[in-house]
Amino acid sequence: MSRPQSPRRSPNVTMKATLLVAGLIVSSIASVSAQLSKEAAIARAEAIFKHFQEGRTAEIVKEFDARMATEVPEEKLKPMWPAFTAKFGAFKGIDERREGQMEGRQAVELFLSFEKEKVLQRVVFDADGKVGGLVFRPVSASVLPPKK
């Protein structure tokens with residue numbers, strides 16, 4: 001007994017429909033949320049710092065936008081945590097977290113307390129939520145306003 005054959009769609013029609021749906025989803029997401037929520041941005045900045053502590057630099061590079069991935073390859077990140085602890089002593093904790101706008105982009109500053117010094121970690125996110133900037137500076141280089 002043979003089954004009735006269902007009409008076949010051409011692969012081009014199926015692909016066009018899939019691309020149309022995907023395009024609608026992407027455009028609706030982009031218009032709803034061009035930046036991360038404050039909590040999500042802070043959580044991502046903390047996760048990046050945790051990856052540094054654990055030596056998981058490949059996880060950090062995955063978060064980078066194309067420019068950062070080119071300018072800061074994983075090989076440059078690997079020696080950073082041992083250098084931090086050698087210079088500043090053991091890590092004690094995160095004293096403060098700030099989130100806000102910096103030059104039109106979303107940024108998070110974590111105030112890191114080490115035995116000998118306090119260090120600022122700043123993560124700047126691009127419009128797609130990728131890391132477009134990552135720096136460690138003296139706490140005096142903070143640019144985001146403190147909590148009110």
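## Helix H6 and its buried side

In this predicted model, the buried residues of helix H6 pack against helix H2 and against four strands: E1 (91–102), E2 (105–114), E3 (118–125) and E4 (131–138). The residues in question are Trp-81, Phe-84 and Phe-88. They lie on the same side of H6 because the arc they cover around the axis is only 60°.

The face of H6 turned away from this buried side carries Ala-86 and Lys-87, both exposed. After H6 comes Gly-89, which has a positive phi, near 90°.

## The cavity

One cavity of 30 Å³ or more is present in the structure. The space in the largest cavity is about 30 Å³. Its lining consists of Phe-49, Phe-52, Met-80, Trp-81, Phe-84 and Phe-136. Two elements give two or more residues each to this lining, namely helix H2 (38–54) and helix H6 (80–88).

H6 supplies the largest share of the lining, three residues. Trp-81 and Phe-84 appear in the lining of the largest cavity and are also among the buried residues of H6. Sorted by class, the lining has six nonpolar residues, with no polar and no charged ones.

## Strand E3 and its two partners

How many of the residues of E3 are buried? Seven of its eight residues are, which leaves the strand mostly covered.

On one pairing, E3 is joined to E2 in the antiparallel sense, over eight bridges. Within this pair, Phe-111 stands opposite Leu-120 in E3. The connection from E2 to E3 is a hairpin of three residues.

E3 also runs antiparallel to E4, and seven bridges join these two strands. Here Leu-120 stands opposite Arg-137 in E4. Leu-120 thus has Phe-111 opposite it in one pairing and Arg-137 opposite it in the other. The hairpin of E3 and E4 has five residues between the strands, and in this hairpin Gly-129 takes a positive phi near 85°.

## How the parts connect

H6 links the topics above. Its buried residues pack against E2, E3 and E4, among other elements, and E3 pairs with E2 as well as with E4. H2 is another element against which the buried residues of H6 pack, and H2 and H6 both give two or more residues to the lining of the largest cavity.

Terms used:
Residues numbered from 1 in each chain as written. Predicted model: local features only at pLDDT ≥ 70, side-chain atom pairs only at ≥ 80, totals over all residues. Heavy atoms only, no water. 1 Å grid on protein atoms, 1.4 Å probe; cavity = no way out; pocket = protein on both sides within 12 Å on 5 of 7 lines; lining within 4 Å. Points joined across faces, edges and corners; volume = space filled by probe spheres on them. Nonpolar A, V, L, I, M, F, W, Y, C, P; charged D, E, K, R; others polar. Buried < 20%, exposed > 50% of the residue type's maximum accessible area, 1.4 Å probe, protein only. Arc of directions from axis to C-beta. Contact = heavy atoms within 4.5 Å. Pairing = 2+ DSSP bridges.
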